[in-house]
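Let's take a walk through this one together, starting with the whole chain and then zooming in on a pair of helices. Have a look at the model first.

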Amino acid sequence: MSAAINNQIEAFIRVTSRLIGVLNSEVEMLRAMRVSEIENLQEEKRDLTILYEETIRSLAAQPDALAVVEPALRMELSDLAGRFDNAVAENARALNAVRDSHDRLLKSIVDAVSENRAKEKGYTRDGKLSDQRKGRTSQSLSLSVDRQL
């Protein structure tokens, strides 16, 4: 049993270490505003997260087995837990910062369009809004965003 649990812990360490690497890569891409490249990481991030969660459930179901884990592995696991928590927190901060930045940008666009629309009054004979300032017609703007972080 000792060898089996040690092997399971070693596999968990490999999965968690790789997940930390993916999270850190995502943070680097977010900071460099290479958001389009992040999509390439998402499948691996999802797969590693599923493996991580499955392993956590499996280990939690056998608490007595954890008592026989080799001390060196237990120490490595403890260190890894701290690094994982830091990587998750940093990743969440970076995602929130980008989301907030995008929200501010979209709000600025909406405000600018709303301000411009407020200045437009009246319609032409063919039903278009007329731009009273320039004496010409302007087209309405429709905008939709279909992306989530």
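Of the 149 residues in the protein chain, 25% are buried, where buried means under 20% relative accessible area, exposed means over 50%, and partly exposed is in between (1.4 Å probe, protein chains only). Before going on, a word on where this comes from: it's a predicted model, so local features need pLDDT of at least 70 and side-chain atom pairs count only at pLDDT 80 or more, while totals for chains, interfaces and linings use all residues. Residues are numbered from 1 along each chain as its sequence is written, and side-chain values use heavy atoms, with hydrogens and water left out.

What is the chain built from? Its secondary structure comes to three helices and two strands, and from the N terminus the order is α-α-α-β-β. Here helices (H or I, at least four residues) and strands (E, at least two) are DSSP runs, numbered from the N terminus.

Start with H1, which covers residues 2–31. Its 30 residues reach 43 Å from first C-alpha to last, close to the 44 Å expected at 1.5 Å a residue; the expected span is 1.5 Å times one less than the number of residues. Just after H1 comes Met33, with a positive phi near 55°.

Then there's H2, residues 35–60. Its 26 residues should span 38 Å, and the end C-alpha atoms are 36 Å apart, which agrees. H2 also has a kink of about 40° centred on Leu41, the bend at a residue being the angle between axes fitted to the seven residues ending there and the seven starting there. Leu41 is one of the buried residues of H2, a list that also includes Ile38, Lys45, Leu48 and Tyr52.

How do H1 and H2 pack? Their axes are 9 Å apart, at an angle of about 155°. The two are therefore roughly antiparallel, since angles over 145 degrees count as that, under 35 as roughly parallel, 65 to 115 as roughly perpendicular and the rest as oblique. The contact of H1 with H2 involves 17 nonpolar, seven polar and five charged residues.

Two pairs let you trace how the chain folds back. Arg14 sits in H1 and is exposed, with a relative accessible area of 54%. The C-alpha atoms of Arg14 and Tyr52 are 9.9 Å apart, though 38 residues separate them along the chain. Gln62 lies in the loop between H2 and H3 and is partly exposed at 23%. From Gln62 to Ile5, 57 residues away along the chain, the C-alpha separation is 9.4 Å.

How values were computed: Axes are lines fitted to C-alpha atoms, for helices over the stretch in contact, and angles run from 0 to 180 degrees between N-to-C directions. Ala, Val, Leu, Ile, Met, Phe, Trp, Tyr, Cys and Pro count as nonpolar, Asp, Glu, Lys and Arg as charged, and the others, Gly among them, as polar.
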